[in-house]
Amino acid sequence: TIPKFGCINLHPSLLPKYRGMSPQHWPIINGDKKTGITVHFIDDGVDTGDIIIQQEMEIKSDETVFQLQNRFKIVYFSIVRIAIEKIELGTNSFIKQSHLPGSYYGKLKLAHCNIDLNGSYLVAFNLIRGVTFPYFGARLGDYIIWKASKINKFSDWMNELELGIFISENNEGYIKFNDGILKLDKFAKYERKNS
């Protein structure tokens with residue numbers, strides 16, 4: 001009942017980094033410049049089986065998780081096909097990774113999506129990109145932020161803003177941090193449910 005050549009898995013990260021669930025979110029949230037796709041054998045561990053093939057991919061500076069996943073999808077078919085061909089050829093060029101130190105992340109949860117006003121605006125920018133549609137969206141106060149952009153040049157009135165979220169009369173949104181300001185390109189107010 002055990003497959004002759006073993007079982008394989010396609011994992012959207014460059015193992016041994018980002019083992020576990022939601023591996024496409026965390027590189028964006030953490031501000032990584034690159035990620036990739038790994039096809040590996042399944043063993044008793046969590047994403048620790050021998051690596052058959054990997055493809056590295058750059059993370060673009062303003063790319064969202066949804067955009068990254070769409071680029072991944074283009075590669076999935078071909079990388080799995082190449083991995084199967086390598087197995088059929090009986091090559092022993094697989095990379096042992098079970099002993100390699102890596103990183104493990106669990107499933108993305110709503111609690112991970114809260115913006116920290118005491119942190120950097122760049123950290124918040126990456127968080128927004130990493131948790132946007134079709135996922136939870138970043139949260140601050142009574143707002144869900146789906147898309148934001150960095151402001152490089154402040155208007156005089158922006159310098160007067162206090163830390164936090166500001167929504168103007170014409171429904172333009174901004175978040176001010178100690179080290180910068182984000183313009184909210186897409187956001188919505190939501191009603192908190194009483195628990």
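This report describes two sheets, the helices that pack on them, and two buried loop residues in a predicted model.

**The sheet of three strands and helix 2**

Strands of a sheet pair through backbone hydrogen bonds, and the pairing may be either parallel or antiparallel. In this model, one open sheet is built from 3 strands in the order 1-3-4, and its pairing is antiparallel. Strand 1 and strand 4 form the edges of this sheet, since each of them pairs on one side only, and the twist from one strand to the next averages 10 degrees. Between strand 3 and strand 4 there are 7 bridges in the antiparallel sense, and within this pairing V39 stands opposite I53 of strand 4.

Helix 2 packs on this sheet, where it touches strand 1, strand 3 and strand 4, and its direction makes about 155 degrees with that of strand 4. The helix runs over residues 65-88, and because a helix is expected to advance 1.5 Å a residue, its 24 residues should span 34 Å, which agrees with the 34 Å that separates its end C-alpha atoms. Helix 2 also bends by about 40 degrees at V75, and V75 belongs to the buried residues of the helix, which also include L68, F72 and I79. The elements that cover these buried residues include strand 1, helix 1 (26-29), strand 3, strand 4 and helix 3. Just after helix 2, G90 takes a positive phi of about 70 degrees.

**The sheet of five strands and helix 3**

Another open sheet has 5 strands, arranged in the order 6-7-10-9-8 with antiparallel pairing. Its edge strands are strand 6 (138-140) and strand 8 (164-167), each of which pairs on one side only. Neighbouring strands of this sheet are turned by 45 degrees against each other on average, direction ignored. Strand 8 and strand 9 (residues 173-176) pair in the antiparallel sense over 4 bridges, with I167 standing opposite G173 in strand 9. Helix 3 (residues 121-131) packs on the sheet and touches strand 6, strand 7 (143-150) and strand 10 (181-189), while its direction makes about 120 degrees with that of strand 7.

**Two buried loop residues**

S22 is found in the loop between strand 2 (19-20) and helix 1, whereas E63 has its place in the loop between strand 4 and helix 2. Is each of these loop residues buried or exposed? S22 counts as buried because its relative accessible area of 13% is under the cut-off of 20%, and E63 is buried as well, with a relative accessible area of 4%. For each residue, the table gives a backbone nitrogen that lies at a short listed distance from its side chain.

| Side chain | Backbone nitrogen | Distance |
|---|---|---|
| S22 | L108 | 2.9 Å |
| E63 | K60 | 3.1 Å |

If neighbours within four places in sequence are left aside, S22 is in contact with G106, K107 and L108. On the same terms, E63 is in contact with I28, E58, L68, R71 and R129. Of these partners, R129 is 66 residues apart from E63 in sequence, yet the two are 6.7 Å apart in space, taken from C-alpha to C-alpha.

Methods: Residues numbered from 1 in each chain as written. Predicted model: local features only at pLDDT ≥ 70, side-chain atom pairs only at ≥ 80, totals over all residues. Heavy atoms only, no water. Pairing = 2+ DSSP bridges. Axes fitted to C-alpha atoms, helices over the stretch in contact; angles between N-to-C directions. Contact = heavy atoms within 4.5 Å. Expected span 1.5 Å × (residues − 1). Bend = angle between axes of the 7 residues up to and from the residue. Buried < 20%, exposed > 50% of the residue type's maximum accessible area, 1.4 Å probe, protein only. Polar contact = N/O pair within 3.5 Å; in protein donor to acceptor, adjacent residues only side chain to side chain.
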